[in-house]
Amino acid sequence: MGIRVAHVATGNVGRLALTELISNPRFDLVGLCVSTPDKVGRDAGELAGLDAITGISAVDDLDALIAARPECIVYCAMGDTRLPEAMADVMRILAAGINVVGSSPGLLQYPWGVMPEKYIQRVEDAAQQGNSSLFISGVDPGFVNDLIPLALAGTCQRIEQVRCMEIHDYASYDGAEVMHYMGFARPLDEIPMLLQPGVLSIAWGTAIRQLAAGLGIEVDEITESYQREPAPEDFDIAVGHVAKGTLAVLQFEIRGMVDGHPAIVIEHVTRLRPDLRPDLPQPAAGGGSYRIQITGEPSYAVDIVPSSRFGDHNQAAISGAAGRIVNAIPAVIAAAPGIRTTLDLPFITGSGLYAREEVVTA
């Protein structure tokens, strides 16, 4: 008998997480909750894109998942545009005595210094009530901003700056809500939600604060900046049409300042076409990569190039986000109650994942 798990949402991250929950014998799927009406009643294997019948039919009732009494719920519902609802969901699950791993709400990756203490305390109280634990992660913000740079930092004698970069072509990214949130294909006289004053610092503040805690430094302030480039002509991408003059390139930086020096920097360069803004940093290979730069002794420049047999760099990055949270399930179940982070979970090695042949589809 595997670990009893239930799952919420089958979007970009959720579908890939569900694939592992079904195919990995360490887990026993006991429930699936969705929000799209036409997914209700369909088998989990079908919604995961697998040639398998699980006998688990999707419902649209979170209470039904809680009633199934899983040891852990994998929560992948959208959190960026529905933060209050996502927070309420995870607190409800925790208070019921069920552990949570998930891709949202992103602010719970490392909320200290980012969220008001009263909201953090509500989550902690729910976890104490249920004797349960919570771990939220992603890619960026996520393991590219904590697990990998902190592993490299542990080999240094001195560190002046840690810079984490995402350099991606988003033309194939099939996430309309996120693209709208970032302002892509929208007129430049519109300021999207992500670029409203302070939002970048909140969204990536979790990454800045967690890196600072891991490095043992105190960030005085978080600053942000961005630049945008319009489309030179009309073209189409996965989520629709990009009209000439609308947003086609977005570059932004979030800086954790220590005594006036940018000690920690998160930088994104996101294009909708590879030929646009060639002066900005380019991916190490293919359509996208991540780059960790540590200035110190020694200094490092490490490129991470995700790839997948089932899609491009965007597919591969999302698969990494799903793998990170699902593989953390045993450690989160064993952890002390409360919000858990990369800093206090044990090193998760991928134990049990070795296989010579691909046995699932994604």
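In this predicted model, a convenient place to begin is the side chain of T10, which makes a polar contact of 2.8 Å with the side chain of K39. T10 itself sits in the loop that runs between β1 (3-8) and α1 (12-23). Although it belongs to a loop, T10 is buried, because its relative accessible area is 10%, under the 20% cut-off. Apart from neighbours within four places in sequence, the residues in contact with T10 are R15, L18, L32, V34, K39 and L47. K39 therefore appears both as the polar partner of the T10 side chain and in this list of contacts.

From this starting point, the view can be widened to the whole chain. The secondary structure of the protein consists of 11 helices and 14 strands. Measured out along the principal axes, the C-alpha atoms fill a box of roughly 55 × 45 × 45 Å. The radius of gyration is 20 Å, and a compact globule of 362 residues would have a value near 21 Å, so the two agree. Of the 362 residues, 51% are buried. Contacts across the sequence add to this picture: among those between residues at least 6 apart, 71% join residues at least 24 apart. As for the surface, the protein exposes about 15500 Å², with carbon and sulfur atoms supplying 52% of that area.

One stretch of the chain carries a label from a record. An unreviewed UniProt entry annotates residues 143-349 as "domain: 2,4-diaminopentanoate dehydrogenase C-terminal". In the model, this span is 25% helix and 33% strand, and the C-alpha atoms at its two ends lie 13 Å apart.

Two further residues can be looked at in the way T10 was. N314 has its place in helix α10, which covers residues 313-327. With a relative accessible area of 5%, N314 falls under the 20% limit and so counts as buried. Its side chain is joined to that of H168 by a polar contact of 3.4 Å. Setting aside residues up to four places away in sequence, N314 touches H168, D169, Y170, S172 and Y173.

L276, in turn, lies in the loop between β11 (261-271) and β12 (288-297). L276 is likewise a buried loop residue, since its relative accessible area is 8%. The contacts of L276, leaving out neighbours within four places in sequence, are with P232, A248, V249 and R271. Another relation across the sequence links L276 with E229: the two are 47 residues apart along the chain, while 8.3 Å separates their C-alpha atoms.

Finally, the cysteines deserve a look. How many disulfides does the model contain? The count comes to zero. C72 illustrates the point: the closest cysteine sulfur, in C76, is 10 Å from the sulfur of C72, which is too far for a bond because a disulfide requires the sulfur atoms to be within 2.5 Å. For C164, the closest cysteine sulfur belongs to C156 and is 13 Å away, so that this pair is also too far apart for a bond. C72 is buried, at 0% relative accessibility, and C164 is buried at 0% as well.

Notes
Residues are numbered from 1 along each chain as its sequence is written. This is a predicted model: local features need pLDDT of at least 70, side-chain atom pairs count only at pLDDT 80 or more; totals for chains, interfaces and linings use all residues. Side-chain values use heavy atoms; hydrogens and water are left out. Helices (H or I, at least four residues) and strands (E, at least two) are DSSP runs, numbered from the N terminus. Buried means under 20% relative accessible area, exposed over 50%, partly exposed in between (1.4 Å probe, protein chains only). A polar contact is a pair of N or O atoms within 3.5 Å; within protein, one must be able to donate a hydrogen and the other to accept it, and residues adjacent in sequence count only if both atoms are side-chain atoms. Contact means heavy atoms within 4.5 Å. UniProt positions are given in the numbering used here, feature names are shortened, and annotations may be inferred rather than shown by experiment. The radius of gyration is taken over C-alpha atoms; the globule rule is 2.2 Å times the number of residues to the power 0.38. Accessible areas come from the Shrake-Rupley method with a 1.4 Å probe; for residues, only the protein chains shown count as cover.
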